[in-house]
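Here are some notes on the structure, set out as numbered points so that each can be checked against the coordinates.

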Amino acid sequence: MKLSKRLMALALTGAMALGVSAGAVSFPDVDETTPEGEAIIKLAEMGVLGGFEDGTFKPEATVTRAQFAKIIYLLQNPGTEDILGDEYKGPSKFPDVLEEQWFNGYVNWAVAEGIIGGYDDGTFKPDDTLTMGQAIKMYVTANGTPADGIEYPQGF
């Protein structure tokens, strides 16, 4: 199973725990009859996932670290995409997360919540492809398990 499909399953698990639903959504490149397609549509209806400007979803594309910071935020704070607190927008602890970038507030929120810490070199690498280990670590810590003292990635 491709990493992106496993990430969708992980995100859907969190979404289903919330039990939130919104309006109908569809994408021309998503087969809604598959388990992955169902997960994508459910998460899109909840407002956790969105498509690209051209109306597609690109289900075979990889997920970046910045995108997953937003996904985790929206799973933890349903319906708040447009009201991400101003306290999270602004200077970042990471030199590669600039104030004007769309993901700035989501990354800053995840840092404040102890969900992400970045790399040893002090960067976040927002455009890097998210690994399954990173996704699980972010998901587990977002749901209340402190990362302190847990060996990464094996401990997660």
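1. Phe 94 and Phe 124 are both buried in this predicted model, and the two rings form a tilted aromatic pair, with 5.4 Å from centre to centre and 35° between the planes. Phe 94 belongs to the loop between α3 (65-76) and α4 (104-112), whereas Phe 124 belongs to the loop between α4 and α5 (132-142), so the pair ties together parts that lie 30 residues apart in sequence. The ring of Phe 124 has a further partner, since Arg 65 lies over its face at 4.4 Å from the ring centre.

2. The aromatic pairs come to six when counted with a limit of 6.5 Å between ring centres. Apart from the Phe 94 and Phe 124 pair described above, it is worth looking at Tyr 73, Trp 102, Phe 103, Tyr 106 and Trp 109, which ring pairs link into a cluster.

3. Which residues have the most contacts inside the largest nonpolar core? They are Val 48, Phe 68, Ile 72, Val 107, Ile 115, Ile 116 and Met 138, in a core that has 36 residues. The elements that give two or more residues to this core are α2 (35-45), α3, α4 and α5, and the largest share, eight residues, comes from α3.

4. Val 107 can be followed outward from that core list, and when residues up to four places away in sequence are not counted, Val 107 touches Ala 69, Phe 94, Val 97, Ile 116 and Phe 124. Both members of the tilted pair, Phe 94 and Phe 124, are thus named among the contacts of Val 107.

5. How many of the nine residues of α4 are buried? Seven of them are, and the helix is mostly covered; the buried residues are Asn 104, Gly 105, Tyr 106, Val 107, Asn 108, Trp 109 and Ala 110. What covers these buried residues includes α3, the helix that also gives the largest share of the core. Just after α4, the backbone at Gly 114 takes a positive phi of about 75°.

6. Side chains of opposite charge can pair when their charged atoms come close. The structure holds one salt bridge, in which the side chains of Asp 121 and Lys 125 meet at 3.9 Å, N to O. With a limit of 4 Å for such a bridge, a reader may wish to keep this value of 3.9 Å in view. Asp 121 counts as exposed because its relative accessibility is 51%, and exposed means over 50%, while Lys 125, at 29% relative accessibility, counts as partly exposed.

7. Another charged side chain to inspect is Lys 58, whose charged end sits over the ring of Phe 52, 4.4 Å from the ring centre.

8. For the chain as a whole, there are five helices and zero strands, so that the elements run α-α-α-α-α from the N terminus on. Buried residues make up 40% of the 156 residues in the protein chain. Among contacts between residues at least 6 apart in sequence, 58% join residues at least 24 apart. The accessible surface of the protein chain comes to about 8300 Å², and 51% of that surface belongs to carbon and sulfur atoms.

Note on methods: Residues are numbered from 1 along each chain as its sequence is written. This is a predicted model: local features need pLDDT of at least 70, side-chain atom pairs count only at pLDDT 80 or more; totals for chains, interfaces and linings use all residues. Side-chain values use heavy atoms; hydrogens and water are left out. Rings of Phe, Tyr and Trp (its six-membered ring) pair if their centres lie within 6.5 Å; planes under 30 degrees apart count as stacked, over 60 as edge-to-face and the rest as tilted. Helices (H or I, at least four residues) and strands (E, at least two) are DSSP runs, numbered from the N terminus. Buried means under 20% relative accessible area, exposed over 50%, partly exposed in between (1.4 Å probe, protein chains only). A charge sits over a ring if NZ of Lys or CZ of Arg is within 6 Å of the ring centre and within 35 degrees of the ring normal. A nonpolar core is a set of buried Ala, Val, Leu, Ile, Met, Phe, Trp, Tyr and Cys residues joined through side-chain atoms within 4.5 Å. Contact means heavy atoms within 4.5 Å. Accessible areas come from the Shrake-Rupley method with a 1.4 Å probe; for residues, only the protein chains shown count as cover.
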